[in-house]
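Here are my notes on this model. Keep the structure open beside them and find each residue as you read.

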Amino acid sequence: MSDLMVVLAALNSRKKRRRFYPRNRVYRPRISFLSLTEEQVFDRFRLNKQFIYDLCEELKGDLECHRNSNYALPVPVKMTSALTFYATGSFQNAASGSTGISQASMCKSLSEVTEALVRRVKKYICFPMSSGQMQKTREEFYKVAQFPNVLGVIDCTHVAIRARTENEPAFRNSKGFHSVNVQVVCDAKNIITNVLANHPGCVDDAYILSKSRLTEIFETEITSDCWLVGDSAYDLKPWLMTPIPNPESPAEHRYKEAHQLTHAVIDKTKRILKTRFRCLDRSRGVLQYSPKKVCQIFLACCVLHNIATRHNILVDVDEGLETPNEDEDMSLAPDEDEELPEENTSSEAASIRMELVRDHFS
């Protein structure tokens with residue numbers, strides 16, 4: 001009997017500690033993009049209202065609360081919360097305050113929107129594989145600088161994260177800050193066609209490519225003379241054209257110029273991405289999440305970037321990255337890296353590049 005009394009007393013004590021909510025609880029007004037003007041929306045998100053409305057419609061099935069609740073966050077509020085974080089790089093509590101929801105709700109909204117966008121990566125981020133897609137991509141790149149047969153420009157970019165307590169050295173990059181290193185490939189129109197986001201900051205660009213599906217695609221599936229264009233952080237391959245160290249002949253100098261102009265497309269793409277989504281830019285601080293979630297946020301921003309680019313929603317890439325190049329490329333500056341001899345270059349790759357120089361740049 002005494003044991004039963006102890007249990008009842010414990011249950012009664014637990015009930016007393018339960019948080020009490022008043023019957024007429026007052027909720028803060030929830031703010032969504034729908035209440036903003038077109039100018040306010042673009043200024044805040046660097047997207048337009050119709051774009052965000054269409055996005056809400058597409059993600060509605062993922063974001064709607066399916067339980068019967070009078071206080072569930074509407075889809076536009078969830079979307080506004082996530083876009084505020086992507087666009088500003090503010091810490092969660094500041095971003096939540098701008099939409100009138102709690103930090104816990106902000107965290108949940110950001111996770112739901114990010115996961116919904118990541119589920120659509122294969123729909124919106126596609127490398128050209130059909131003959132028609134490849135031909136169109138080659139033609140668009142040729143218009144940039146008359147560099148033939150280019151299917152994409154490749155580079156990596158670092159996204160700063162908080163210092164890890166586990167495996168800390170792996171995330172410290174050569175610039176001395178903690179990051180994840182993400183591989184990005186784009187086409188001539190700044191559409192991202194491939195992303196590999198699962199490597200810590202200490203890993204170099206060439207290694208990431210070696211573990212990428214792109215290596216398998218070019219070595220086993222693409223049989224025609226097509227290639228990627230990459231900088232000197234990569235090894236020259238039959239399907240990856242890199243700069244010529246110390247060009248001598250006029251043809252080699254023309255190759256160098258065309259290569260630089262073509263490679264500049266990926267630099268512009270990364271600047272557009274980090275201008276529109278300031279959460280990815282180190283000038284706004286580091287992301288306070290696990291590496292896995294940071295990679296998911298990066299993928300979500302890439303999906304949004306591609307949709308916005310296809311809808312011709314432009315941003316001024318000079319509108320204010322405080323450190324536009326500081327955390328972008330870990331490789332040496334062009335004038336320095338061109339003095340370095342090439343390593344791990346196969347005779348086949350060197351022969352293909354020589355043939356390209358002779359046939360197209362002489």
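1. Start with phenylalanine 218. Its relative accessible area is 5%. The cut-off for buried is under 20%, so phenylalanine 218 is buried. Bear in mind that this is a predicted model.

2. Which residue shares an edge-to-face pair with phenylalanine 218? The partner is phenylalanine 127. A search of the whole structure finds six aromatic pairs, and this is one of them. The ring centres are 5.9 Å apart and the planes meet at 70°, so the pair counts as edge-to-face. The two residues are 91 apart along the chain. Phenylalanine 127 lies in the loop between helix 7 (121-124) and helix 8 (131-145). Phenylalanine 218 belongs to helix 11 (residues 213-221).

3. Is phenylalanine 127 buried or exposed? Its relative accessibility is 10%, so it counts as buried. Ring pairs also bring in Trp239, giving a cluster of Phe127, Phe218 and Trp239.

4. Now look at a second pair. Tyrosine 255 and phenylalanine 361 are edge-to-face, with 5.7 Å between centres and 85° between planes. This pair, too, links distant parts of the chain, 106 residues apart. Tyrosine 255 is in helix 12 (residues 250-276). Phenylalanine 361 is in the segment after helix 15 (347-360). Tyrosine 255 has a relative accessible area of 0%, so it is buried. Phenylalanine 361 is at 6% and also counts as buried.

5. One ring has a charged residue over its face. Arginine 282 lies over phenylalanine 177, at 4.0 Å from the ring centre.

6. Next, the sheet. It is open, has five strands in the order 3-2-1-4-5, and its pairing is mixed. Why do strand 3 and strand 5 (240-241) each have a side without a neighbour in the sheet? They stand at the edges with a single partner strand each, so one side of each is left free of a sheet neighbour. In general, strands of a sheet pair through backbone hydrogen bonds, in parallel or antiparallel fashion.

7. Both senses of pairing can be found here. Strand 1 (residues 150-160) and strand 4 (residues 227-229) are parallel, with three bridges. In that pairing, valine 150 stands opposite tryptophan 227 of strand 4. Helix 8 packs on the sheet and touches strand 1 and strand 2. Its direction makes about 80° with that of strand 1. Helix 11 packs on the sheet as well, touching strand 1, strand 2, strand 3 and strand 4. The direction of helix 11 makes about 140° with that of strand 4.

8. Strand 2 (residues 179-186) and strand 3 are antiparallel, joined by six bridges. Cysteine 186 has isoleucine 192 in strand 3 as its bridge partner. The two strands form a hairpin with five residues between them. In the turn, asparagine 190 has a positive phi of about 70°. Although strand 3 is an edge strand, eight of its nine residues (192-200) are buried, so the rest of the structure largely encloses it.

9. Check one loop residue. Alanine 72 sits between helix 3 (49-63) and helix 4 (75-88). Its relative accessible area is 24%, so it is partly exposed. Serine 105 is 33 residues away in sequence, and the C-alpha atoms are 9.9 Å apart.

10. Finally, the whole protein. It has 15 helices and five strands. Of its 362 residues, 48% are buried. The accessible surface comes to about 18800 Å², and carbon and sulfur atoms hold 50% of it.

Methods. Residues numbered from 1 in each chain as written. Predicted model: local features only at pLDDT ≥ 70, side-chain atom pairs only at ≥ 80, totals over all residues. Heavy atoms only, no water. Buried < 20%, exposed > 50% of the residue type's maximum accessible area, 1.4 Å probe, protein only. Helix = DSSP H or I, 4+ residues; strand = E, 2+ residues; numbered from the N terminus. Pairing = 2+ DSSP bridges. Areas by Shrake-Rupley, 256 points an atom, 1.4 Å probe, with all protein chains shown as cover. Phe/Tyr/Trp six-rings, centres within 6.5 Å; stacked < 30°, edge-to-face > 60°. Lys NZ or Arg CZ within 6 Å of the ring centre and 35° of its normal. Contact = heavy atoms within 4.5 Å. Axes fitted to C-alpha atoms, helices over the stretch in contact; angles between N-to-C directions.
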